[in-house]
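I opened my notebook to record, step by step, what I looked up in this structure. The entries below follow the order in which I worked.

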Amino acid sequence: MKKPQLEHRHAPAPYASYVTGFLLSVVATVVAYVFVTQQLLPKEALTYTVMGIAVVQLVIQMVFFLHIGRGSRWKLLTFVFTVVIVLIVAIGTIWVMNHLNYNMMDMSPDEMNRYMDQHEGI
Amino acid sequence: MTRAEEVMATQSRKTLGFWIYLMTDCILFASLFATFVVLRVGTAGGPSGVDIFSLPFVLLETMLLLTSSFTIGLATLGAQRGYKGQSMVWLGSTFLLGAAFLSLELWEFNQLIAEGNGWQRSAFLSSYFVLVGTHGLHIAVGLLWLIVAAMRLLRHRFKATDLHRLSLLGLFWHFLDIIWIFIFTIVYLIGGMA
């Protein structure tokens, strides 16, 4: 495949792209806000829904505002790499720290053994 | 390579360099988000998110920042097409919207501290102030950059170097809006759920 010309990849972005991105972002923000203030879902489902909407808005802004895919190809590559690192840092931390909570609870060793027996069957 | 192509290739490299800085900033914010999520429950008998956050207020902040992200895009597009006056008007609007956002945020911080809910109150509030404060600091730097960019554009009559820097400022500003989406969602919407 032929590499697209530099001029083509650096041509000014069209106005329409910004207007679309802005309108879609406003809609996404308001939808997430209404979901939470009106409590349209039970708490856990609500958490996942608004996180989902945030990710959708991330994609909208990456495409329409930051024009991922235009300019240098390394832009997309470094972005994907960063997403991987961010996920490892964020999800990894939450995962590890939630498990560590067992060791940080205000309990004597005896109480801890009983707690582990009741809740985890250990 | 002709001269024009050379300039374009240099600008492309500079954009990439700035982009990589933004990506490292993402990792900084990722660690602050992770810290916040872990410490969110550590209220030490103090208030939790639902007690102190006002969602309509935060929605207003979000809309201000989102609109400023739109107007800086318009300023960049106008400048690239040679509409100097229009571009300056959009840059000015971006500055006002950004300044309004930052003022609201500082007012909120001030309220919290006045009520005794400063960063020393609990682990939750420490992580909240660090995360939202770091974002606010970036906005403050962005506002300063906006002033410098506007002054340079006026003084040097929109020469190519300054147009390119304006597009980098645009990237920075859009990036800050994206970080804010996640602050809005994770800190305020999820953290403010009853």
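**A crossing of two helices in chain B**

I began with one helix pair and noted that α1(B) passes α5(B) in a left-handed crossing. I kept in mind that the model is predicted. For helix α1 (residues 3-39) and helix α5 (residues 123-155) of chain B, I found a packing angle of about 155°, with the axes 9 Å apart. An angle over 145 degrees counts as roughly antiparallel, and therefore α1(B) and α5(B) are roughly antiparallel to each other.

I then listed who makes this contact: α1(B) contributes B:Leu32, B:Phe33, B:Thr35, B:Phe36 and B:Leu39, while α5(B) contributes B:Ala123, B:Phe124, B:Ser127, B:Tyr128, B:Val130, B:Leu131 and B:Thr134. Sorted by class, the residues of this contact are 9 nonpolar and 3 polar, with no charged residue.

**Chain B as a whole**

I stepped back to the chain itself and counted 6 helices and 0 strands in chain B, which gives the pattern α-α-α-α-α-α when it is read along the sequence. The C-alpha trace of chain B spans about 65 × 30 × 25 Å along its principal axes. Of the 194 residues in chain B, 41% are buried. When I looked at contacts in chain B with a separation of 6 or more, I noted that 82% of them join residues 24 or more positions apart.

**Helix α4 of chain B**

How many residues does helix α4 of chain B have? I read off 31 residues, at positions 84-114, and a reach of 44 Å from the first C-alpha to the last, which is close to the 45 Å expected at 1.5 Å a residue. The buried residues of α4(B) are B:Ser87, B:Trp90, B:Leu91, B:Thr94, B:Phe95, B:Leu97, B:Gly98, B:Phe101 and B:Glu105, and I noted that the elements covering them include α3 (55-80) and α5 of chain B. Just after α4(B) I came to B:Gly116, which takes a positive phi of about 85°.

**Chain A as a whole**

Turning to the other chain, I counted 5 helices and 0 strands in chain A, running α-α-α-α-α from the N terminus on. Chain A has 122 residues, of which 17% count as buried. Among the contacts in chain A with a separation of 6 or more, 54% come from residues 24 or more positions apart.

**Helices α2 and α3 of chain A**

I next took the pair α2(A) and α3(A), whose axes come within 9 Å and cross at roughly 170°; α2(A) and α3(A) are therefore roughly antiparallel to each other. Many residues take part, so I copied only some of them: including A:Leu24, A:Ala28 and A:Phe35 from α2(A), and A:Val50, A:Ile53 and A:Phe64 from α3(A). The residues of the contact of α2(A) with α3(A) divide into 13 nonpolar, 7 polar and no charged.

I also checked the length of α2(A): its 23 residues should span 33 Å at 1.5 Å a residue, and the end C-alpha atoms are 33 Å apart, which agrees. Among the buried residues of α2(A) I wrote down A:Tyr18, A:Gly21, A:Phe22 and A:Val36. The buried residues of α2(A) pack against α3 of chain A, and also against α3 and α6 (160-190) of chain B. After α2(A) comes A:Gln39, whose phi is positive, near 50°.

**One residue in a loop**

I picked out A:Ala13, in the loop between α1 (6-9) and α2 of chain A. Is A:Ala13 buried or partly exposed? It has 19 C-beta neighbours inside 10 Å, and a buried residue needs 20 or more, so A:Ala13 counts as partly exposed. Its C-alpha atom is 9.2 Å from that of A:Phe65, although A:Ala13 and A:Phe65 are 52 residues apart along the chain. Leaving aside neighbours within four places in sequence, I found A:Ala13 in contact with A:His67 and B:Leu77.

**Where the chains meet**

Last, I looked at the contact between the chains, which takes 39 residues from chain A and 38 residues from chain B. On the side of chain A that touches chain B, α2 (15-37), α3 (43-64) and α4 (73-104) of chain A each supply at least two residues, and α4(A) gives the largest share, 12 residues. By class, I recorded 25 nonpolar, 12 polar and 2 charged residues on this side of chain A.

Definitions and conventions
Residues are numbered from 1 along each chain as its sequence is written. Chains are lettered from A and ligands numbered from 1 in the order in which they are written. This is a predicted model: local features need pLDDT of at least 70, side-chain atom pairs count only at pLDDT 80 or more; totals for chains, interfaces and linings use all residues. Two residues are in contact if their C-beta atoms, placed from the backbone, lie within 7 Å. Helices (H or I, at least four residues) and strands (E, at least two) are DSSP runs, numbered from the N terminus. Ala, Val, Leu, Ile, Met, Phe, Trp, Tyr, Cys and Pro count as nonpolar, Asp, Glu, Lys and Arg as charged, and the others, Gly among them, as polar. Axes are lines fitted to C-alpha atoms, for helices over the stretch in contact, and angles run from 0 to 180 degrees between N-to-C directions. Angles under 35 degrees count as roughly parallel, over 145 as roughly antiparallel, 65 to 115 as roughly perpendicular and the rest as oblique. A crossing is left-handed if the near helix is turned anticlockwise from the far one by less than a right angle, and right-handed if clockwise. A residue is buried if 20 or more other C-beta atoms lie within 10 Å of its own, exposed if 12 or fewer, and partly exposed in between; C-beta atoms are placed from the backbone. The expected span of a helix is 1.5 Å times one less than its number of residues.
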